[in-house]
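Me: Can you walk me through this one? I'd like to know what earns each feature its label, with the cut-offs spelled out.

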Amino acid sequence: MGVKFWQTPQMTEQLPWLITRELEASHMLARRLCALGQAAEAFACIARKALPFSLPETEANLSILVTSVFGAQCLWHIWPQCLQRWPKLWVAALAPQTSQWLKAQGVPVSLEVAGGAGQLAKRLVEHWRAHNPREEFLWLTSNVGAAREEQTQAMQQLEALTRVHRILAYSTAAAPGLEKQMRQWHGRRARMLFCSPSACEAFFETRRATQTSPVVVEVACVGNSTVHAWEKNKAAGEPSPSLWTHVEAFVQKTFNPHKGNP
């Protein structure tokens, strides 16, 4: 019989939150939660790496889609080249983290939408039909993102309107230290925050490979695709997640001092 990773839920007030983002982002959020009086620890599940890529050969003006902070960082590196080639460049980004990061670097964001790639594509379609611009779309994505059903459906919506240049700008993989973390936390009760389906899937893949895991008694997921990844892979008896549109909403509502901690 396999190892069980769940138990009957109990009081969770003092249980730590394990933050499953990339290592640096996980440390930053864990420190912030600790400053709010919470027990929190970095538990990086994914690592990302920029890939070499070329800009598309097109004379049409471009609208650029950015659906992650790492994708925004990739765009920032080529931003001067983009402006030189397409002076009327128009940027659409997921809100709030990705759009805020871009604006902090001085990149104007014309459209920002919360809720995932599907919602961003839907709003872009509405904008395109209302204004009928002569433009094509450039989407900076990852190997994992390009394989997701949500992105496939978003591409279908966009390609029904105009040409879409989807470029693999970065790769996403399981964090190098994930197996070690799973063993260190094996059998210990914790709460977990997942901010992407990639982190969720890396967690479950490593759990299956090592047969080790924290005992997860509460889960928070950012975005519908992350919720779906958790529900698809969780074991019988493990909790269903709470859904959040973005990390800031999770922090503000969960740890609002006037509301009281969960």
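**Labels and their reasons**

Me: What is the phi of glutamine 211, just after α8?
Reply: About 55°, a positive value, and glutamine 211 is a residue other than glycine. Most residues other than glycine have a negative phi. Glutamine 211 sits in the loop between α8 and β10. Bear in mind that this is a predicted model: local features need pLDDT of at least 70 and side-chain atom pairs count only at pLDDT 80 or more, while totals for chains, interfaces and linings use all residues. Numbering starts from 1 along each chain as its sequence is written, and side-chain values use heavy atoms, with hydrogens and water left out.

Me: Why is glutamine 211 called partly exposed?
Reply: Its relative accessible area is 33%. Buried means under 20%, exposed over 50%, and partly exposed is in between (1.4 Å probe, protein chains only), so 33% earns glutamine 211 the middle label.

Me: How do you know that the span of helix α8 agrees with its 14 residues?
Reply: Helices here are DSSP runs of H or I with at least four residues, strands are E runs of at least two, and both are numbered from the N terminus. The expected span is 1.5 Å times one less than the number of residues. For α8 (residues 197-210) that should be 20 Å, and the end C-alpha atoms are 20 Å apart, so the two agree.

Me: What makes α8 mostly covered?
Reply: The count: 10 of its 14 residues are buried. Among them are Pro197, Cys200, Phe203, Phe204 and Arg207.

Me: How do you know that β1 and β9 are paired?
Reply: Two strands pair if DSSP finds at least two bridges between them. Three bridges join β1 (residues 17-19) to β9 (residues 189-194), so the pair qualifies, and the two run parallel. Isoleucine 19, for one, has leucine 193 in β9 as its bridge partner.

Me: What makes this an open sheet, and in what order do the strands come?
Reply: The five strands run β2-β1-β9-β10-β11, with parallel pairing. β2 (40-42) and β11 (242-244) stand at the edges with a single partner strand each, so one side of each has no neighbour in the sheet. Neighbouring strands are turned by 25° against each other on average, direction ignored.

Me: Which strands does α10 lie across, and at what angle does it run to β11?
Reply: Helix α10 (residues 247-254) lies across β1, β9, β10 (215-222) and β11, at about 120° to β11. Such angles go from 0 to 180 degrees between N-to-C directions, with axes fitted to C-alpha atoms, for helices over the stretch in contact. Contact itself means heavy atoms within 4.5 Å. The buried residues of α10 are Val247, Ala249, Phe250, Val251 and Thr254, and what covers them includes α1 (23-35) and α3 (97-104).

Me: Why is β4 called largely enclosed?
Reply: Six of its six residues are buried, so the rest of the structure largely encloses it. Asn61, Ser63 and Leu65 are buried on one side, and Leu62, Ile64 and Val66 on the other. β4 pairs in the parallel sense with β7 over six bridges and with β5 over four. Valine 66 stands opposite leucine 140 in β7, while serine 63 stands opposite tryptophan 90 in β5.

Me: Which residues touch the most other members of the largest nonpolar core?
Reply: Of its 23 residues, Ile64, Val66, Leu75, Cys82, Leu89, Leu102 and Leu138 do. A nonpolar core is a set of buried Ala, Val, Leu, Ile, Met, Phe, Trp, Tyr and Cys residues joined through side-chain atoms within 4.5 Å. α2 gives the most, with seven residues. Apart from this core lies another, of 21 residues, including Leu18 and Trp185.

Me: How many disulfides does the structure hold?
Reply: Zero. A disulfide needs a pair of cysteine sulfur atoms within 2.5 Å. For cysteine 34 the nearest cysteine sulfur, that of cysteine 195, is 16 Å away, so the test fails. Cysteine 74 is in no disulfide either, with the sulfur of cysteine 82 at 12 Å. Cysteine 34 is partly exposed at 39%, whereas cysteine 74, at 5%, counts as buried.

Me: What makes the bond from alanine 95 to proline 96 cis?
Reply: Its omega is near 0°. Proline 96 is in the loop between β5 and α3.
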